[in-house]
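Subject: Structure handover

Hello,

Here is the structure you asked about, with some notes to go alongside it. Please have it open while you read.

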Amino acid sequence: MTTEQKVGNATDRPAVWVTRPLAQTERLSALLRANGWEPVVAPLLAIEPTVTEEAARQWAEALDGYLWVFFVSANAAQIAVPAIRDHRPWPPGPAVATVGAGSAAALRALGFPDVWYPVDGADSEAVLAASWTQPERVAGQSLLIVKGEGGRGLLTEALRARGAHVREWICYRRRVARWLPYHWEPYAQGRIAALLVTSSEAARGLPEAMGAERFRDVRERLLAVANHPRVADALQRLGWRRIVTAPRPGDDALVVTLQECYSREQVQ
């Protein structure tokens with residue numbers, strides 16, 4: 001099967017588990033359908049907003065003082081921006097930045113036509129290599145990072161080391177989402193061909209989401225497609241048997257990698 005081939009009926013299509021949080025699955029699912037796959041949305045993480053009215057009001061009042069506001073994910077943007085707009089319009093001063101094309105698309109959908117993000121990667125290292133995070137641009141400046149609980153502290157620490165005054169707004173938390181019987185039906189029918197994993201934290205939640213016994217069975221049988229080497233490393237640490245990593249960020253690369261690997265296995 002090539003990326004151009006389509007399959008007629010959904011029941012004829014190979015199925016793939018899409019494990020992103022529910023609000024982030026639409027574009028990837030559409031891309032999979034367009035390339036002959038049946039996406040089975042089975043989030044590994046549930047996103048729980050933690051924004052209070054008072055916190056949103058305080059952050060809204062302080063926005064004008066920041067050089068730029070960085071959203072670590074589409075979740076951060078989709079939670080924080082409406083909370084701010086409940087109190088005031090977004091001010092013209094601070095630029096809007098994020099980590100990659102997917103989150104940038106979410107910000108454009110929220111009405112920001114000009115979004116800064118690195119083009120040569122989609123992680124903190126790529127952000128720190130961008131021109132707008134260099135010491136001569138950020139030293140002495142106030143920056144806001146909008147994020148969820150936990151996660152890597154690299155970006156904040158590195159920007160502070162470059163002389164920036166960095167504050168963090170934690171606007172959501174993540175918890176492992178236990179899979180329900182309907183998530184398992186396509187697997188029991190033998191239709192699931194692969195699992196797409198796009199977060200190290202989500203990967204680490206697999207045993208809890210699936211249940212220990214089912215997890216041990218699936219990790220021996222199923223191909224896992226990771227969007228980043230860190231995600232692949234998290235899967236390896238769990239003992240996952242068959243892992244392939246997309247060569248670059250983005251949903252398109254993830255689907256192409258899935259297609260190529262699946263095609264090779266069908267030939268063998």
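The notes below cover the sheets, the aromatic residues, the cysteines and a few separate positions. Please keep in mind that this is a predicted model.

The five-stranded sheet

One open sheet has five strands in the order β2-β1-β9-β10-β11, and the pairing is parallel. Its edge strands are β2 (38-41) and β11 (242-245), each of which pairs on one side only. From one strand to the next, the twist averages 25°.

Two of the strand pairs can be followed residue by residue. β1 and β2 are joined by four bridges in the parallel sense, and W17 has V40 as its bridge partner in β2. At the other end of the strand order, four bridges pair β10 (residues 223-226) with β11, also in the parallel sense. There, L223 is matched with R242 of β11.

Where do the side chains of β1 point? A15 and W17 go one way, while V16 and V18 go the other way, and all are buried.

Helix α12 (residues 229-237) lies across three strands of this sheet, β9 (192-197), β10 and β11. Its direction is at about 170° to that of β11.

The six-stranded sheet

A second open sheet contains six strands, ordered β3-β8-β7-β4-β5-β6, with mixed pairing. β3 (45-49) and β6 (115-116) are at the edges with a single partner strand each, so one side of each has no neighbour in the sheet.

Within this sheet, β4 (residues 68-71) and β5 (residues 95-98) run parallel and are joined by four bridges. F71 has T98 as its bridge partner in β5. Helix α4 (residues 101-109) packs on the sheet and touches β4, β5 and β6, with its direction at about 145° to that of β5.

Aromatic residues

How many aromatic pairs are there? The count comes to 14.

One of them is W17 with Y187, a stacked pair with 5.5 Å from centre to centre and 25° between the planes. This pair links distant parts of the chain: W17 is in strand β1 (residues 15-18) and Y187 is in helix α8 (residues 181-188), 170 residues apart. W17 is buried, with a relative accessible area of 0%. Y187 has a relative accessible area of 19%; buried means under 20%, so Y187 still counts as buried.

The W17 and Y187 rings also belong to a cluster, in which ring pairs link W17, W179, W184 and Y187. W184 has a charged neighbour as well: the charged end of R214 sits over the W184 ring, 4.5 Å from its centre.

F71, the residue bridged to T98, is part of another aromatic pair. F71 and W90 are tilted, with 6.1 Å between centres and 40° between planes. Since F71 lies in strand β4 and W90 in the loop between α3 (74-85) and β5, the pair ties together parts that are 19 residues apart in sequence. Is F71 buried or exposed? F71 counts as buried, at 1% relative accessibility. W90 is buried too, with a relative accessible area of 16%.

Cysteines

How many disulfides does a search of the whole structure find? The result is zero. As for the cysteines themselves, C171 is buried with a relative accessible area of 0%, and C261 also counts as buried, at 7% relative accessibility.

Separate positions

P135 is in helix α6 (residues 135-138). It is partly exposed, with a relative accessible area of 34%. From P135 to A212 there are 77 residues in sequence and 47 Å in space, C-alpha to C-alpha.

V256 is in helix α13 (residues 251-267) and is partly exposed, with a relative accessible area of 28%. V256 and E208 are 48 residues apart in sequence, and 29 Å separate their C-alpha atoms.

Regards

Key
Residues numbered from 1 in each chain as written. Predicted model: local features only at pLDDT ≥ 70, side-chain atom pairs only at ≥ 80, totals over all residues. Heavy atoms only, no water. Pairing = 2+ DSSP bridges. Contact = heavy atoms within 4.5 Å. Axes fitted to C-alpha atoms, helices over the stretch in contact; angles between N-to-C directions. Disulfide = S-S within 2.5 Å. Buried < 20%, exposed > 50% of the residue type's maximum accessible area, 1.4 Å probe, protein only. Phe/Tyr/Trp six-rings, centres within 6.5 Å; stacked < 30°, edge-to-face > 60°. Lys NZ or Arg CZ within 6 Å of the ring centre and 35° of its normal.
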